[in-house]
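Subject: The structure, and what turned up in it

Hi there,

Here is the structure I promised to pass along. Please have it open while you read the notes underneath.

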Amino acid sequence: MTGLRELQRQRVHEAISTAAIALFLERGFDEVPVTEIAAAAGVSKPTLFKYFPTKEDLVLHRFADHKGEAARVVRGRAPGEHPVAALRRHHLARLAAHDPVTGLNDHPEVLAFHRMVFDTPSLAVRLFHHMAQDEAELAEALAESMDELTAALLAAQALAVQRVLARRAWAQLAAGRPLAETEADAVRAAGHAYALLMDGATGP
């Protein structure tokens with residue numbers, strides 16, 4: 001019975017999310033009231049807020065699978081592997097998979113989704129809140145193999161690198177650059193960025 005309840009919950013969650021994203025992409029985040037999203041999904045407004053505490057969460061839950069990802073990569077790295085090397089390896093793998101979180105995905109809905117997030121102040125603020133949590137988790141993971149200050153500085157730099165690289169890849173695709181060219185540039189940019197991180201992490 002618990003399995004059936006969880007399946008129903010997942011279906012409602014997906015129905016609300018699908019309705020919200022479709023309306024947001026069609027008319028803009030600020031132009032769509034929550035009551036309209038609830039009606040489109042066939043639920044009440046209170047029910048919607050049980051699944052998504054804020055209107056911004058209707059959008060940013062798509063990043064939920066990546067929450068704490070950097071910390072997991074660092075903790076799950078191979079013995080002897082430097083944390084920066086692990087983060088670089090993971091980033092390159094995500095680029096190869098054209099993971100939307102890297103910005104390297106030219107599907108029209110993905111491009112429009114990122115534009116909405118970047119161009120809507122309340123979403124940008126909420127996204128930075130999520131990133132701050134990720135930064136704290138990464139710093140905690142890094143502190144298991146280095147001093148606390150170095151860990152905090154490296155965590156902030158690593159997540160800044162990921163943010164800048166993702167925005168760069170998305171901007172190129174949004175401007176019409178072919179995916180293959182953008183991917184080659186993204187791989188070069190990632191190599192350069194993580195080399196700088198490594199130099200800083202292992203420098204004097």
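What follows is a walk through the fold, one helix, two pockets and a few single residues.

Please keep in mind from the start that this is a predicted model.

**The chain as a whole**

The chain holds 10 helices and zero strands, so that, by the way these elements are assigned, its pattern along the sequence reads α-α-α-α-α-α-α-α-α-α. Its C-alpha trace spans about 60 × 45 × 30 Å along the principal axes. Of the 204 residues in the chain, 41% are buried. Among contacts with a separation of 6 or more, 68% are between residues 24 or more positions apart.

**Helix 6 and its surroundings**

Let me start with helix 6, which covers residues 83-96. With 14 residues at 1.5 Å a residue, helix 6 should span 20 Å, and its end C-alpha atoms are 20 Å apart, which agrees. Which residues of helix 6 are buried? They are Pro 83, Val 84, Ala 85, Ala 86, Leu 87, His 91 and Leu 95. As background for reading that list, an α-helix has 3.6 residues a turn, so residues three or four places apart point the same way. The buried residues of helix 6 pack against four partners: helix 5 (69-75), helix 8 (121-142), helix 9 (148-174) and helix 10 (179-202).

Ahead of helix 6, in the loop that joins helix 5 to helix 6, sits Glu 81. The Glu 81 side chain makes a polar contact with the side chain of Arg 89, at 3.0 Å. Apart from neighbours within four places in sequence, Glu 81 is in contact with Ala 86 and Arg 89.

On the other side, helix 6 is followed by His 98, a residue in the loop between helix 6 and helix 7. The phi of His 98 is near 55°, a positive value in a residue other than glycine. His 98 counts as partly exposed because its relative accessibility is 23%, between the 20% and 50% cut-offs.

Asp 99 is in the loop between helix 6 and helix 7 as well. Is Asp 99 buried or exposed? Asp 99 counts as buried, because its relative accessibility is 12% and the cut-off for buried is under 20%. Its side chain makes a polar contact with the side chain of His 66, at 3.4 Å. Leaving aside neighbours within four places in sequence, the residues in contact with Asp 99 are His 66, Arg 94 and Leu 104.

**Two pockets**

The largest pocket has a volume of about 810 Å³. Its lining is made of 32 residues, and those nearest its centre are Phe 63, Val 101, Leu 127, Met 131 and Asp 134. The elements that give two or more residues to this lining are helix 4 (57-60), helix 5, helix 6, helix 7 (108-119), helix 8 and helix 9. Which helix gives the most? That is helix 8, with six residues. By type, the lining of the largest pocket has 16 nonpolar, nine polar and seven charged residues.

The second largest pocket contains about 200 Å³ of space. Lining it are Arg 62, Phe 63, Asp 65, His 66, Asp 99, Pro 100, Val 101, Val 110, Phe 113 and His 114. You will recognise Asp 99 and His 66 in that list, the pair whose side chains make a polar contact. The lining of the second largest pocket divides into five nonpolar, two polar and three charged residues.

**Two more residues to look at**

Arg 168 lies in helix 9. With a relative accessible area of 40%, Arg 168 is partly exposed. Beyond its neighbours within four places in sequence, Arg 168 is in contact with Asp 185 and Ala 189. Arg 168 and Thr 102 are 66 residues apart in sequence, while their C-alpha atoms are 9.4 Å apart in space.

Pro 46 belongs to helix 3, residues 45-51. Pro 46 counts as exposed because its relative accessibility is 56%, and the cut-off for exposed is over 50%. Pro 46 and Ala 139 are 93 residues apart along the chain, and their C-alpha atoms are separated by 37 Å.

Happy to go through any of this with you.

Best wishes

Definitions and conventions
Residues are numbered from 1 along each chain as its sequence is written. This is a predicted model: local features need pLDDT of at least 70, side-chain atom pairs count only at pLDDT 80 or more; totals for chains, interfaces and linings use all residues. Side-chain values use heavy atoms; hydrogens and water are left out. The expected span of a helix is 1.5 Å times one less than its number of residues. Buried means under 20% relative accessible area, exposed over 50%, partly exposed in between (1.4 Å probe, protein chains only). Contact means heavy atoms within 4.5 Å. On a 1 Å grid over the protein atoms alone, a cavity is a set of points where a 1.4 Å probe fits but cannot get out, and a pocket is an open set with protein on both sides within 12 Å along at least five of seven lines; lining residues have an atom within 4 Å of a point. Grid points are joined across faces, edges and corners, and a volume is the space filled by probe spheres set on the points. Ala, Val, Leu, Ile, Met, Phe, Trp, Tyr, Cys and Pro count as nonpolar, Asp, Glu, Lys and Arg as charged, and the others, Gly among them, as polar. A polar contact is a pair of N or O atoms within 3.5 Å; within protein, one must be able to donate a hydrogen and the other to accept it, and residues adjacent in sequence count only if both atoms are side-chain atoms.
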